[in-house]
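Q: Please take a close look at one part of this model. Set out where it sits, what surrounds it, and how the parts around it are arranged.

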Amino acid sequence: MNIAEKAFCRVFQFGFKVAIPLLPYRNPQVLNSVDQIPKILKEKGLSRPLLVTDASIRGFGITKHLEELLEDGDFQLAVFDSVQSNPTVQIIEAARQLYLEKNCDCLIGFGGGSSMDTAKAVGALIARPDASLEQLGGILRIWKRTPFTIAIPTTAGTGSETTVAAVVVDEESGHKYALMDFPLIPDVAVLDPETTRSLPPRITAGTGMDTLAHAVEAYIGRSTTKLTRREALRCVRLVFANLEKAVKNGNNMRARRNMLRASYLGGAAFTVSYVGYAHAVSHSLSGRYNLPHGETTAILLPYVLEAYGSCIYPQLKALAVAAGVAKLDTEEAEAAQAFIRAVWKLNESIGIGTKIPQIKKKDIPGLAGMAAAEGNPVYPVPVLMDARALERFYYDISEDGGTRV
Ligand SMILES: [Fe+2]
């Protein structure tokens, strides 16, 4: 990246950092159980919710209790259960159609990031019927109030229950992009560990590492605040203390509850302080090859941390202390390396690999271009990289390219 491009990115990011106290960030109201939902809806005068979920979550019976509560409470419930991982424009449009047909007045996103993001994207389309999803992609393009939205994560997690973002895939181009605006922050987040009890270990592992990546990328970026630094450190502490337990024993409700809390904190940190290149590269890969976002990001995270070099050692030391792998008097470089090693080790202990064999070499320049377009100038990363520089990460994680650090 040349000097003029770097200067543009840094000025853009500085502008957003200065504006943080002026922007309408808000935290969703947090509920600890789905049992509290009917009361909240009644208080708001809402009676026709659209439940947005996926067929397997519904098939496992995870939404059944809420559906019964709402039906018994005289709500006119409509259910859209066709969400797929990496929600496409077509699926979001279909959900919007159902919302309009059933004359719904609020949204409940119940599931992983895809279900919550679909509900949020439907909200954006309802608020802005004049615009397409593509036109609403990017920063601050929604402006108007979206319908009252409740987010119920069944993974811990994407953090979507607290963020300004909804990620969408254009099925024709494979391009994955995000809608980012304040009306997308859900009004209510329900952190009920019972909803994550039946989550398979592999999904618990991938989504848990996604949570870690949110906190780490927010913390090492250049737009942190005192609050987001604190949220990120608390998130990291919780992930290192609970993720392996939640993966190895899905019925450990204490670990599940702590991971839901971690997911919420990671989401709160990154929605103000952004993510970085691990996410930008991961989005390009999961859009093209339909890979799970959490696992892909988890594989990339240690490579990206290593590539930033010594300029992030002070932040990595603080993260290492939070993770319990260094002490306050540990030498900075040693602590930083200990944190990167701890991320590798955590990945390994929960069954996440170090490579993505699906990557085709011929796709790499295009994918790196998408990652650069997502990351620059928005993400306040510690070291700026253009598409050419980002290509290294695709080679690092290709089956036959790069070596584990
Ligand atoms: Fe993520």
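A: Ser115 belongs to helix 6, which spans residues 113–127 (helices are DSSP runs of H or I with at least four residues, strands runs of E with at least two, numbered from the N terminus). The model is predicted, so local features need pLDDT of at least 70 and side-chain atom pairs 80 or more, while totals for chains, interfaces and linings use all residues. Residues are numbered from 1 along each chain as its sequence is written, and side-chain values use heavy atoms, without hydrogens or water.

With a relative accessible area of 1%, Ser115 is buried (under 20%; exposed is over 50%, partly exposed in between, with a 1.4 Å probe and protein chains only). Apart from neighbours within four places in sequence, Ser115 has contacts (heavy atoms within 4.5 Å) with Val52, Thr53, Asp54, Val83, Gly109 and Phe110.

As for the wider setting, the largest nonpolar core holds 83 residues (buried Ala, Val, Leu, Ile, Met, Phe, Trp, Tyr and Cys joined through side-chain atoms within 4.5 Å). Helix 9, residues 226–248, contributes most to this core, with ten residues. Because domain 1 (3–21 + 200–397) and domain 2 (32–196) both supply residues, this core lies between them; the bounds come from an automatic or database domain assignment. A second, separate core of 27 residues includes Ile92, Tyr99, Ala131 and Val168.

Leaving aside neighbours within four places in sequence, Val236 touches, among others, Leu212, Leu319 and Phe339 by contact.
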